[in-house]
Amino acid sequence: MSNIGSYETRHRTFSWKLAEGELEYGKSGNYNIGYFCTDRIGELGNGTRVGLIWEGFTGEVRRYTYDDLRIHSNAFAIMLRQLGLQPGDRICIFMDRIPELYISFIGILKMGGIAQPLFSAFGEEALAMRLEDAETKAILTTRKHLGKVRRTRPSLPHLTRTIVVDAGDRPLERGEIAFSMEKAQRVENIEIAKVTPETPSVLHYTSGTTGKPKGALHVHSSIIAQHITTKWVLDLQDDEIYWCTADPGWVTGTSYGIIGPWACGVTQAVLDAGFSAHKWYAFIEKHNVTVWYSAPTAIRLLMKEGLEPVGKHNLSSLRHLVSVGEPLNAEAVIWSEKAFGRPFHDSYWQTETGSIMISNYPGMKIKPGSMGKPFPGITAAVVNPKTFEPITTAGTVGLIAIKPGWPSMFRTYWNNQETYEKKFKNGWYISGDRSSVDADGYFWFVGRDDDVINTAGHLVGPFEIESALLEHPAVAESAAVGKPDPINMEVVKAFIALKPGNQKSDDLTIDIMNFIRKKLSPLAMPQEVEYVDSLPKTRSGKIMRRLLRAKEWGEEIGDVSTLEND
Ligand code: WT7
């Protein structure tokens with residue numbers, strides 16, 4: 001029996017009070033996410049249960065019980081306090097997927113800090129931009145990424161503490177602190193920072209079309225929504241071994257890779273290794289993974305390898321599969337039924353929504369290719385892009401809109417309340433995605449309503465890439481757009497006009513690609529560069545990415561009346 005039981009009944013009878021009840025929210029007087037994810041599990045009598053199974057790329061495995069998670073996160077909280085960090089300070093986590101990443105996240109919340117996880121593959125510029133915007137006070141990192149941190153520090157006056165979690169006895173520079181979670185004193189209980197449900201908890205940066213990445217700020221009560229969606233969509237039950245393949249640098253990796261599963265007190269497995277079908281299947285087999293939350297790009301990669309590697313492993317522990325981040329094609333759903341004997345259930349949400357908004361639920365009929373229906377408690381619609389009135393005709397495309405008020409809704413964009421307010425129209429939160437709804441209430445994703453590139457489920461802002469490209473000595477102007485890709489859905493393609501005196505060449509292309517990879521990240525790196533004499537612009541001088549993109553996708557170009565140099 002699934003946790004959700006009947007979707008229809010849950011939908012009819014849902015209230016957020018009921019969701020709070022499932023978590024006994026407020027009963028202890030403690031509203032801190034850190035408490036719910038560790039101490040409370042002990043209070044429920046499950047402290048000796050394994051909360052984290054971690055496997056590194058060498059195959060090394062470490063296990064942590066909920067008692068360990070509590071004690072180690074206490075150590076992080078104590079250390080941060082001793083360094084003078086205060087509640088409300090932004091504290092960045094910049095590491096690969098090692099146990100310290102997951103546990104320090106809880107430690108930061110326990111001392112009242114705002115956790116700011118950043119993807120460890122970010123280059124200096126991507127890192128610096130986000131630390132500068134958040135006026136981040138401290139960063140937790142490892143030796144592997146310390147070089148990048150050191151190079152950004154001179155431009156970041158607010159960043160006064162660098163904590164290296166694997167330094168051992170190695171010498172560090174001034175202002176750097178070595179801290180070992182395993183060697184720290186084991187403190188059973190600490191005073192967890194008193195927070196209210198509205199106290200800020202997590203700051204996730206996400207890319208938009210214009211301007212720098214924006215920091216979506218979440219609060220401690222987000223856990224009410226993350227917990228209930230974990231229970232009802234991911235269907236986590238007591239004895240689950242759950243694997244979320246997402247990196248906590250992105251919201252899936254915190255909402256459903258830390259908070260949701262630990263609030264449910266289940267065992268979660270983490271694989272800190274690159275992708276290979278064999279490795280992934282071996283991981284499922286070895287740890288008896290039962291529930292798997294992954295992404296379409298990963299599923300397509302597995303599909304590419306075919307059924308043969310599937311047959312080489314015993315994957316019978318798997319009982320529920322869920323996907324997020326990009327459109328899940330119908331073929332992937334059908335293939336997973338063939339390969340694993342069960343379909344992937346699509347789920348839809350965003351950094352800003354903090355938890356799953358639209359999904360396919362255990363027991364509910366799946367229409368392959370559809371994202372499913374709104375989560376109980378979530379009012380979602382597609383609205384007319386001009387009037388923002390709900391569209392009631394089945395099959396008509398509009399913008400996905402959600403009625404504000406769910407607990408995990410972002411509360412602002414850091415330092416950018418103005419942009420935050422622009423996301424709300426006519427009493428709806430406007431997602432910026434296009435979809436239709438069919439006569440049965442199922443949502444069908446159509447595409448984004450902006451120029452943001454979704455590569456392998458990760459959003460990359462064209463503006464960020466274009467700004468970085470301008471720093472390359474040969475580049476006069478550029479446009480970055482998404483180009484269709486059979487695996488990653490989209491990859492970055494850059495159109496570049498060179499400065500006089502520069503010649504296009506393969507060497508230059510490789511140099512430009514590496515330039516972006518190092519400055520921003522491998523995701524932002526253009527997979528293709530096309531040299532052009534000039535870029536299409538509007539009369540006001542804005543580059544028409546829409547036009548370049550349409551060409552890549554073989555789409556109708558639409559209204560070009562504002563083109564200056566058509
Ligand atoms: C954007 C949000 C979802 C949390 C991780 C990504 C796209 C997300 C789906 C889906 C089609 C999807 C949307 C959305 N997206 N889920 N099931 N089908 N597209 O969070 O980085 O804020 O990205 O990802 O375009 O707006 P994010």
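## Cysteines and the absence of disulfides

C244 is buried, having a relative accessible area of 5%, and its sulfur is 13 Å from the closest cysteine sulfur, in C264, which is too far for a bond. These values come from a predicted model, as do those in the sections that follow.

C92 is likewise buried, with a relative accessible area of 0%. The closest cysteine sulfur to that of C92 is the one in C244, 19 Å away and too far for a bond, because a disulfide is taken here as a pair of cysteine sulfur atoms within 2.5 Å. In total, the structure holds zero disulfides.

## The ligand and its shell

The ligand is surrounded by 18 residues, of which the closest are D346, S347, Q350, T351 and D433. By character, the residues of this shell divide into eight nonpolar, six polar and four charged.

Polar atoms of the ligand lie close to both backbone and side-chain atoms of the protein. An oxygen atom of the ligand is 2.5 Å from an N or O atom in the side chain of D433, while a nitrogen atom of the ligand is 3.2 Å from a polar backbone atom of E326, and a nitrogen atom of the ligand is 2.7 Å from a polar backbone atom of S347. Of the 550 Å² of accessible area that the ligand has on its own, the protein covers 97%. Two or more residues of the shell are given by each of α9 (251–263), β14 (344–348) and β22 (443–448), and the largest share, three residues, comes from β14.

## Helix α9 and the residue that follows

How many of the 13 residues of α9 are buried? The count is 13 of the 13, so this helix is largely enclosed by the rest of the structure. Just after α9, the backbone at G265 takes a positive phi of about 70 degrees.

## E552 in helix α17

E552 is located in helix α17, which spans residues 545–553, and at 18% relative accessibility this glutamate counts as buried, because the cut-off for a buried residue is under 20% relative accessible area.

The side chains of E552 and K493 are joined by a polar contact of 2.8 Å. When residues up to four places away in sequence are not counted, E552 touches V481, G482, K483, P484, K493, F495 and E530, so that K493 appears both in this list of contacts and as the partner in the polar contact.

## M364 and a long-range pairing

M364 is placed in the loop between β15 (358–359) and β16 (373–374), where, at 11% relative accessibility, it counts as buried. Although M364 and S6 are 358 residues apart along the chain, their C-alpha atoms are separated by 7.8 Å. With residues up to four places away in sequence left out, M364 touches Y7, S359, G372, K373 and Y442.

## Positive phi outside glycine

Most residues other than glycine have a negative phi. Against that background, F388 has a positive phi near 60 degrees, and N426 has a positive phi near 55 degrees.

Both residues are found in loops, F388 between β17 (380–383) and β18 (398–402), and N426 between β20 (424–425) and β21 (428–437). Are these two residues buried or partly exposed? F388 is buried, with a relative accessible area of 15%, whereas N426 is partly exposed, with a relative accessible area of 42%.

Definitions and conventions:
Residues numbered from 1 in each chain as written. Predicted model: local features only at pLDDT ≥ 70, side-chain atom pairs only at ≥ 80, totals over all residues. Heavy atoms only, no water. Near = heavy atom within 4 Å. Polar contact = N/O pair within 3.5 Å; in protein donor to acceptor, adjacent residues only side chain to side chain. Areas by Shrake-Rupley, 256 points an atom, 1.4 Å probe, with all protein chains shown as cover. Helix = DSSP H or I, 4+ residues; strand = E, 2+ residues; numbered from the N terminus. Nonpolar A, V, L, I, M, F, W, Y, C, P; charged D, E, K, R; others polar. Buried < 20%, exposed > 50% of the residue type's maximum accessible area, 1.4 Å probe, protein only. Contact = heavy atoms within 4.5 Å.
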